[in-house]
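Visitor: I'm new to reading structures, and I'd love a close look at just one small part. Could you start there and then show me what surrounds it?

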Amino acid sequence: MSFRDDKIQEIKKSLLVSIWFMFLTFPIMVIRVNPIEKAVEWRWENMLVVGIGSFLLSFVWRYMLKKKEAGEKRAEIGESGNTFLIQKILEEPRFCIPLLITLTIIAVAFPFIFSMYQTNIMTTALMYVVLGLGLNIVVGLAGLLDLGYVAFYAVGAYCYALLNHHFGLGFWSVLPIGAVLGFIFGILLGFPVLRLRGDYLAIVTLGFGEIIRLVLENWNEFSFGPSGIANIDRPAFWDFQFSLQNATIYLYFLMIGLTLFTIFVVNRLQNSRIGRAWIALREDETACQAMGIDKTRTKLTAFALGATWAGMVGVIFAAKTTFINPASFTFLESAMILSIVVLGGMGSILGVIIGALILILLPEYLRVFSDYRMLLFGAIMVIMMVFRPQGIITNIRRRYKFNE
Amino acid sequence: MNTILEVKDLTMDFGGLRALDHLDLNVVEGEIAAIIGPNGAGKTTFFNCITGIYNPTEGEVLISPPGKKRKKINGLKPNRVTENGMARTFQNIRLFPDMTVLENVMIGRHCRTSSGIVGAILRGRSTNKEEKEIVDFSYNILKKTSLSHLVNELAKNLPYGAQRRLEIARAMATEPFLLLLDEPAAGMNPQETRELDELITRIRDEESISILMIEHDMKLVMSLSDRIFVMDYGRKIAQGSPYDIINNPVVIKAYLGEDIYA
């Protein structure tokens, strides 16, 4: 009998949900005022759709929640219920190698199969992959919530734009300068925030990001203010300038190269002495210091290394768009990069890559749904955070084998 | 016997509250010393003062590591104190929960190794060698603390007793000459306490690490310690062998309760 009672309870709950949603959406979905004919249109059929829809969805919602709780319980007992399908595949070399080969072929063939528009989007997505991996060092590994990451991105972009504008320096000579400048600004931001953690740190970094943007916006003599800098050179191959189409392809492969380089470096860093110190800092600052780790130095290296990637991507951004102005470096951009890291899974390289691809490509391909694009995007993010708060892929620590 | 830790006249004020009041204390090489006292007597504050978490208002903390010169360490940062050879554990366990058992111990090796960013990226021969040394050293310590079957477990998934042992293992990885244990037996069952007793003795005898611990478990304190310091209201009210302490009327009054040993 209790089983049937349960069912009745469930149906009651769902009915309540559907009535609530019908009530909520009543003013926008049902009533339509026609000001020209001065008439009110009642669209009752919409109410029916909302009612039935929310009734059914509430079942799905509860089912998913139950499944998630069951998974959490399993994880508490110690079963590894949290490993994701992709992780299982990657651990098996017989799946992993063909997968990597396929990915390589797709990556190489991409710009020749798809249109320039698609290639451009992919290049942007790859830029966010690198930005995400850079911020991942600061937020995911070292646990320092940085809301002003876009400032370093801006530093890199303006570095190339200004050096190119005033001195005609080329892309390849500015790329390392952008990286170094990012590094220096990382340390500059790092110093004042050494004592802060958590929300206080977040607010100060947020302020830092805004300061950089406001300086760029208002210091006309230096940065040309809100009108920005145009006609920045695209990257050249030694002295050879590409046509627009070839330049796009060139940039795409350049980004592929930088992405691989970033993955390589971050992967090596996270299982090194420094990487472990970052994670220890994230886990427990007091204990970390008591175990002999220099907190100051560890924090500064995290900030500086994270900012280095932003500086480099900034240079590429300026070269890609050939025009920059402060409007490209708002807080929204920082929030986007942070979402990539959180959604993908803090500290996990694969997670950040997937997160960046989803968050950047999804809004592009959702254009089909035009008006509902951002609504869907928001809904997906909310659903992700409810059902998988730890991110798409959880970071797995390295395992060591001892033969004894 | 050489004195390895010398605390002179240590005072710590928090605003108007005097948490430590002109405390004198010393630890000699090779001994297990214990600090006891009622809750709020200032024991953990004392640990925080000598490990650099707090900067004491007055007084001196001097260390003389075996084979090295005497050195004043108050005012140093916690990580510098650890580098100088004093490692501690915490009253409420402070492991790195999302790191594996081995990695927790490897963190302890941080201050004894040196490879930097460039080394980590290039992974040259010296970095690899150092990394291997870190792993081997840490694994060795895990074997000594009988945690070696748990190397790849996350620290947060360990049973309570094992977490306490892991904290000791992590502190040992910094190669200290003096180990400071803050209530190592808190929350342990009798079986785990017996194992801890054995472990602490072994650390002293086999690793020649001296030990200073804060502990409430009187059975453990009496069986382990060579000397006991008793604190109350931030002052040292007595010191001596377990036998002396048990029979000291001041201590009985302040801490053990008059009825128990009467």
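Which residue takes a positive phi in the hairpin of β1(B) and β2(B), and how many residues lie between the two strands?

Guide: The residue you're after is B:G15, with a positive phi near 60°. The hairpin has two residues between its strands. Keep in mind that this is a predicted model. It scores ipTM 0.90 and pTM 0.86. Chain B averages a pLDDT of 90, and 97% of its residues score at least 70.

Why look at phi at all? Most residues other than glycine have a negative phi. B:G15 is a glycine, as its name says, with its positive phi in the hairpin. Other residues in the model have a positive phi without being glycine. One of them is B:Y233, with phi near 45°. You'll find B:Y233 in the loop between β9 (227-232) and β10 (235-240) of chain B. B:Y233 counts as partly exposed because 15 other C-beta atoms lie within 10 Å. Over in chain A, A:F224 isn't a glycine either, and its phi is positive at about 65°. A:F224 belongs to the loop between α9 (220-223) and α10 (244-270) of chain A. With 19 C-beta neighbours inside 10 Å, A:F224 is partly exposed too.

Now back to the hairpin. Its two strands, β1(B) and β2(B), run antiparallel and pair over eight bridges. Follow them to B:D13 and you'll see B:R18 of β2(B) standing opposite. What holds strands like these together? Strands of a sheet pair through backbone hydrogen bonds.

Next, zoom out to the whole sheet. The hairpin strands belong to an open sheet of four strands in chain B, in the order β2-β1-β4-β5 with antiparallel pairing. β2 (17-28) and β5 (71-72) of chain B stand at the edges; each has a single partner strand, so one side of each is left without a neighbour in the sheet. On the β5(B) side, the partner is β4 (residues 58-63) of chain B, which pairs with β5(B) in the antiparallel sense over two bridges. One residue to find there is B:I63, whose bridge partner in β5(B) is B:K71. The sheet also has a helix packed on it: α1 (residues 43-50) of chain B, which touches β1 (3-14), β2 and β4 of chain B. The direction of α1(B) makes about 70° with that of β2(B).

Let's step back again, to the domains. In chain B, the assignment gives domain 1 as 1-85 + 176-262 and domain 2 as 98-173. The C-alpha centres of these two domains of chain B are 27 Å apart. Where they touch, domain 1 of chain B gives 13 residues and domain 2 of chain B gives nine. On the domain 1 side, α2, β7 (178-182) and α7 (190-207) of chain B each supply at least two residues. α7(B) gives the most to that side, with four residues. By class, the domain 1 side of this contact has seven nonpolar, three polar and three charged residues.

While you're at α7(B), pick out B:E207 in that helix. B:E207 and B:G30 are 177 residues apart along the chain, with 9.9 Å between their C-alpha atoms. B:E207 counts as partly exposed because it has 15 C-beta neighbours inside 10 Å.

Finally, look at where the chains meet. Chain B puts 34 residues into the contact and chain A puts in 29. On the chain B side, α2 (78-83), α3 (101-108), α4 (117-122) and α5 (125-144) of chain B each give two or more residues. The largest share of that side, five residues, comes from α3(B). By class, the chain B side has 15 nonpolar, twelve polar and seven charged residues.

And what about the partner? Chain A has 16 helices and two strands. Its C-alpha trace spans about 80 × 75 × 45 Å along its principal axes. The domain assignment splits chain A into domain 1 (2-77) and domain 2 (114-387), and the C-alpha centres of those two domains of chain A lie 39 Å apart. Of the 404 residues in chain A, 36% are buried.

Key: Residues are numbered from 1 along each chain as its sequence is written. Chains are lettered from A and ligands numbered from 1 in the order in which they are written. This is a predicted model: local features need pLDDT of at least 70, side-chain atom pairs count only at pLDDT 80 or more; totals for chains, interfaces and linings use all residues. Two strands pair if DSSP finds at least two bridges between them. Two residues are in contact if their C-beta atoms, placed from the backbone, lie within 7 Å. Axes are lines fitted to C-alpha atoms, for helices over the stretch in contact, and angles run from 0 to 180 degrees between N-to-C directions. Ala, Val, Leu, Ile, Met, Phe, Trp, Tyr, Cys and Pro count as nonpolar, Asp, Glu, Lys and Arg as charged, and the others, Gly among them, as polar. Domain bounds come from an automatic or database domain assignment. pLDDT is the predictor's confidence in each residue, from 0 to 100. A residue is buried if 20 or more other C-beta atoms lie within 10 Å of its own, exposed if 12 or fewer, and partly exposed in between; C-beta atoms are placed from the backbone.
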